[in-house]
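Hi,

Here is the structure I said I would pass on. Have a look at it first, and then read my notes below.

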Amino acid sequence: MTTGTLPVYRWRLAPDGLATRRQLRAMGLRPGGQDVAAELQRPRRRRGPLIAYLYRIEAAKPVRPMTPARRVALARANRARRICPACRRDAGYVIPTSLGACVPCADRA
């Protein structure tokens, strides 16, 4: 079974040597710019299949180490996601994009 030029495998039937992004990350690896090697499809009832892209493990590169500057930038970005745009207070949790504001401000609106 192929779609275009990518081989397609059914759920749990992918050959050894291929992994999803999450599986690579669990191994301390990243795709590293390589092209998608194959597609994994998990069938669902009444909807299209779930699709995951597979990458070659031998072509994957190690995850880049977290530098102090990246750690600070990530902390700032996460802090910004907790600030309510309506009341400008730290909500203590990431503001849901579906609400667009902290829960008390969203309830008032």
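**Notes on the model**

Arg56 is partly exposed, with a relative accessible area of 39%. Keep in mind as you read that this is a predicted model. Arg56 sits in strand E6, which covers residues 47–56. Its C-alpha is 8.2 Å from that of Gln34, and the two residues are 22 apart in sequence.

**Arginines with positive phi**

Next, some backbone angles. Most residues other than glycine have a negative phi. Arg12 has a positive one, near 70 degrees. You will find Arg12 in the loop that links strand E2 (6–10) and strand E3 (18–19). Its relative accessibility is 74%, so Arg12 counts as exposed.

Arg46 also has a positive phi, in this case near 60 degrees. Arg46 belongs to the loop between strand E5 (38–44) and E6. With a relative accessibility of 85%, Arg46 is classed as exposed too.

**Surface patches**

Arg12 comes up again on the surface: together with Arg42, Arg44 and Arg47 it makes a positive patch.

There is a nonpolar surface patch as well, made by Tyr93, Leu99 and Val103. Between them, these three residues have about 230 Å² of accessible area. Tyr93 is in the loop running from helix H2 (68–82) to helix H3 (103–108). At 32% relative accessible area, Tyr93 is partly exposed.

**Charge pairing**

Side chains of opposite charge can pair when their charged atoms come close. How many salt bridges does the model have? The count comes to 1. The partners are Asp90 and Arg82, whose side chains meet with an N to O distance of 3.4 Å. Neither end is buried: Asp90 is partly exposed at 43% relative accessible area, and Arg82 is partly exposed at 25%.

**Cysteines**

I also went through the cysteines. How many disulfides does a search of the whole structure find? The result is 0. Take Cys84: the closest cysteine sulfur to its own is the one in Cys102, at 3.6 Å. A disulfide needs the two sulfur atoms within 2.5 Å, so the sulfurs of Cys84 and Cys102 are too far apart for a bond. Cys84 is buried, with a relative accessibility of 0%.

Cys105 is in no disulfide either, and here again the nearest cysteine sulfur is that of Cys102, 3.4 Å away. Cys105 is buried, with a relative accessible area of 10%.

**Where to look**

If you open the model with only a few minutes to spare, I would start with these:

- the positive patch of Arg12, Arg42, Arg44 and Arg47
- the nonpolar patch of Tyr93, Leu99 and Val103
- the salt bridge between Asp90 and Arg82
- Cys84 and Cys102, with sulfurs 3.6 Å apart and no bond
- the positive phi of Arg12, near 70 degrees, and that of Arg46, near 60 degrees

Cheers

How values were computed:
Residues numbered from 1 in each chain as written. Predicted model: local features only at pLDDT ≥ 70, side-chain atom pairs only at ≥ 80, totals over all residues. Heavy atoms only, no water. Patch = residues over 30% accessible without salt bridge, like charges linked within 9 Å, V, L, I, M, F, W, Y side chains within 5 Å. Areas by Shrake-Rupley, 256 points an atom, 1.4 Å probe, with all protein chains shown as cover. Salt bridge = Lys/Arg side-chain N within 4 Å of Asp/Glu carboxyl O. Lys, Arg positive; Asp, Glu negative; His and termini not counted. Charge placed at Lys NZ, Arg CZ, Asp CG, Glu CD. Helix = DSSP H or I, 4+ residues; strand = E, 2+ residues; numbered from the N terminus. Buried < 20%, exposed > 50% of the residue type's maximum accessible area, 1.4 Å probe, protein only.
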